[in-house]
Each structure stands twice: as structure tokens, then as C-alpha cells.
Amino acid sequence: MNEAGLAGALGLHGLIALFVSAILFSIGVIGVLLRRNAIIVFMCVELMLNAANLSLVAFSRMHGIEGQIFVFFVMAVAAAEAAVGLAIIIAIFRHYEVVDLDRFRLLRW
């Protein structure tokens, strides 16, 4: 499908949503790669999941409702990841009193 076909199928709002999704995902990747604070890294992972959800909703205009249904499963996984991730971060903070990723080696092999 060429760009005119994609623009016609998604419309202007769909293309804007995909562009915003790509920017949000890029910010999340840069945050995961460059930051050392565990809470900031955790928020960047959540930002990447939300960017993927946004692109799934944008593509669901072109391919049907299945993309929006898949978003609910991604949101359920993100909620479970948030609960477990925050519990791990709190446990590490109670033990080391810092959430800097360079300071502790508890979860490494």
C-alpha cells in the first residue's frame, strides 16, 4: 500500500495519531536507555506501552475493531506490570534506600 492509500485509509487524524505514537515510543526508548532512576525507567516503559496502544487504535480504523480489542489485553498486561514493578521498586528502596539502577545488583544473574 502506498502512502496515498495509507493516508486515505487512516485519514488525517489517523496519521497524526501514528506520528504522535512514534514520538512517544521514541521518547520512551531514549528514557529507558539513558536514565538510571528505576522509577523514571518504569515510567518510560509505560510510555512505550501507551504509544503501542495508540498505534493499535489508529490502525483499527483501517483493519477493524480487533486492534481496539487487543488494546484491552495490552492494558491488562500493563496494569499487572505496574503492580509487580512498583512492588519490586518499593522493596528495593526499603532495602537500599535508593532507586538508582547503578547502585544495586539484586536482580542481576
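**Exercise 1. Chain overview**

What share of the contacts in the protein chain with a separation of 6 or more comes from residues 24 or more positions apart? Describe the elements and the surface as well.

Solution.
1. The model is predicted.
2. Of the contacts with a separation of 6 or more, 56% join residues 24 or more positions apart.
3. The chain contains 3 helices and 0 strands, and the order from the N terminus is α-α-α.
4. Of the 109 residues, 26% are buried.
5. The exposed area is about 7600 Å², and carbon and sulfur atoms account for 72% of that area.

**Exercise 2. Packing of α2 and α3**

Determine how α2 and α3 are oriented to each other, and list the residue classes in their contact.

Solution.
1. Two packed helices are described by the angle and the distance between their axes.
2. For α2 and α3, the axes come within 9 Å and cross at roughly 175°.
3. Angles over 145 degrees count as roughly antiparallel, so α2 is roughly antiparallel to α3.
4. The contact of α2 with α3 holds 15 nonpolar, 6 polar and 3 charged residues.

**Exercise 3. The largest nonpolar core**

Identify the residues of the largest nonpolar core and the elements that supply two or more of them.

Solution.
1. The core has 5 residues: Ala38, Phe42, Ala82, Ile89 and Val99.
2. Two or more residues come from each of α2 (38-63) and α3 (66-96).
3. Setting aside residues up to four places away in sequence, Phe42 touches Glu81, Ala82, Gly85, Leu86 and Ile89.
4. Among these partners of Phe42 are Ala82 and Ile89, which are core members too.

**Exercise 4. Two residues of α2**

Classify Ile39 and Ser55 as buried, partly exposed or exposed, and give their contacts beyond four places in sequence.

Solution.
1. Ile39 lies in helix α2, and Ser55 is found in that helix too.
2. The relative accessible area of Ile39 is 38%. Partly exposed covers the range between 20% and 50%, so Ile39 is partly exposed.
3. Ile39 touches Ile89 and Val99, both of which belong to the largest nonpolar core.
4. The C-alpha atoms of Ile39 and Leu101 are 9.6 Å apart, although 62 residues separate the pair in sequence.
5. Ser55 has a relative accessibility of 17%. Buried means under 20%, so Ser55 counts as buried.
6. Beyond its neighbours within four places, Ser55 is in contact with Leu18 and Ser21.

Conventions
Residues are numbered from 1 along each chain as its sequence is written. This is a predicted model: local features need pLDDT of at least 70, side-chain atom pairs count only at pLDDT 80 or more; totals for chains, interfaces and linings use all residues. Side-chain values use heavy atoms; hydrogens and water are left out. A nonpolar core is a set of buried Ala, Val, Leu, Ile, Met, Phe, Trp, Tyr and Cys residues joined through side-chain atoms within 4.5 Å. Buried means under 20% relative accessible area, exposed over 50%, partly exposed in between (1.4 Å probe, protein chains only). Helices (H or I, at least four residues) and strands (E, at least two) are DSSP runs, numbered from the N terminus. Contact means heavy atoms within 4.5 Å. Axes are lines fitted to C-alpha atoms, for helices over the stretch in contact, and angles run from 0 to 180 degrees between N-to-C directions. Angles under 35 degrees count as roughly parallel, over 145 as roughly antiparallel, 65 to 115 as roughly perpendicular and the rest as oblique. Ala, Val, Leu, Ile, Met, Phe, Trp, Tyr, Cys and Pro count as nonpolar, Asp, Glu, Lys and Arg as charged, and the others, Gly among them, as polar. Accessible areas come from the Shrake-Rupley method with a 1.4 Å probe; for residues, only the protein chains shown count as cover.
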